[in-house]
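Trainee: I should like to learn how to read a fold of this kind, beginning with the sheet and ending with the ligand.

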Amino acid sequence: MPDPFDCRSGLAPLPEVLLDRLRQADEVLVLTGAGVSAESGIATFREALTGLWARFDPAQLATAEAFQEDPARVWSWYEWRRAQVLRAEPNAAHRALADWADRQGRLRLVTQNVDDLHERAGSRDVIHLHGSLHEPRCFDCANPLAAPPPVGAEAQLLAPPTCPLCGGLARPGVVWFGESLPEAALATAWALAERCNLCLVVGTSGLVQPAASLPVVARQQGATVIRIDPQPAADFQADWQLLGAAGLILPALLERL
Ligand code: OAD
């Protein structure tokens, strides 16, 4: 893999061959992670473990076992995160991806994020691999439940609402560790990886499977893979890495196309 381009203080001069791949791609898969929402002020998974939750490990909060052990603790953590998302606005990276899809036509967005900032920036048919903070359901019978009014910025302990059908407790509509990803979302994402000719990977550490395999599948079948992230990833198999904030790089790239 060539050396990463340092774009931390603006888009570095990029080779024409890279720009041509971007211009010529007619099947584009964009995989996003927490980094794409960082400039909207959304705490990443670990950063969100402050205050009431500071002494917990994410694995102690994002599991069915954790919820069963202490439903209020887990529910309140997700409600605090949902309220944070509702107060946030999409950033330049979300908007650039929505604009690019409008121009390009065959660009599909697959995200690991449980927020709705891509949609609020205008992206359509976003594939959410890890579910959504905004779609709670019953822990026992999976009946979809209405999200309660959002809480304030202060962390507080809240009992989860109950299901009107069976009396079970509401749980967040996200994928917890140890749970399967939504089947249809994963199948669509996989099919896109198998047929895209450009795969853009934005703001993800690439540590969580199976999402991390999508760019690998794309590259194996011949797609160009470009990673955008402030942190270099030595073992990530990409054709190019652009180091810097997505909100800076994506709009600048779009201007060059
Ligand atoms: P991570 O928190 O693991 O990684 C975030 C990435 O974003 C890192 O590589 C940062 O360098 C990068 N980043 C930070 N600021 C950025 C910016 N302004 N522009 C671009 N990139 C930036 O988040 P994910 O890879 O999304 O799963 O984590 C994947 C999954 O692990 C999450 O969906 C969650 C978590 O456990 C579940 O909840 C199932």
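**Reading the sheet, the helices and the ligand site**

Mentor: This is a predicted model. Consider one pair of residues to begin with: Arg 227 stands opposite Gln 241 in β9.

Trainee: In what sense do strands β8 and β9 pair, and over how many bridges?

Mentor: Strands of a sheet pair through backbone hydrogen bonds, in either a parallel or an antiparallel sense. Here β8 (residues 224-228) and β9 (residues 240-243) are parallel, joined over 3 bridges.

Trainee: What is the strand order of the open sheet?

Mentor: Its 7 strands follow the order β1-β9-β8-β7-β2-β3-β4, with parallel pairing. The edges are formed by β1 (5-6) and β4 (127-128), each of which pairs on one side only.

Trainee: Which helix lies across β7, β8 and β9?

Mentor: That is α10 (residues 246-256), which runs at about 135° to β8.

Trainee: What span should helix α5 have, given its residues?

Mentor: Helix α5 (residues 71-87) has 17 residues, so at 1.5 Å a residue a span of 24 Å is expected; the end C-alpha atoms are 24 Å apart, in agreement. The helix is also mostly covered, with 13 of its 17 residues buried, that is, under 20% relative accessible area.

Trainee: Which residues come nearest to the ligand?

Mentor: Of the 20 residues around the ligand, the nearest are Ala 34, His 130, Thr 204, Ser 205 and Asp 229. A polar side-chain atom of Thr 204 lies 2.6 Å from a ligand oxygen atom. Backbone N or O atoms also approach ligand oxygen atoms: one of Gly 203 at 3.3 Å, and one of Gly 35 at 3.4 Å.

How values were computed. Residues are numbered from 1 along each chain as its sequence is written. This is a predicted model: local features need pLDDT of at least 70, side-chain atom pairs count only at pLDDT 80 or more; totals for chains, interfaces and linings use all residues. Side-chain values use heavy atoms; hydrogens and water are left out. Two strands pair if DSSP finds at least two bridges between them. Helices (H or I, at least four residues) and strands (E, at least two) are DSSP runs, numbered from the N terminus. Contact means heavy atoms within 4.5 Å. Axes are lines fitted to C-alpha atoms, for helices over the stretch in contact, and angles run from 0 to 180 degrees between N-to-C directions. The expected span of a helix is 1.5 Å times one less than its number of residues. Buried means under 20% relative accessible area, exposed over 50%, partly exposed in between (1.4 Å probe, protein chains only). A residue is near a molecule or strand if one of its heavy atoms lies within 4 Å of it. A polar contact is a pair of N or O atoms within 3.5 Å; within protein, one must be able to donate a hydrogen and the other to accept it, and residues adjacent in sequence count only if both atoms are side-chain atoms.
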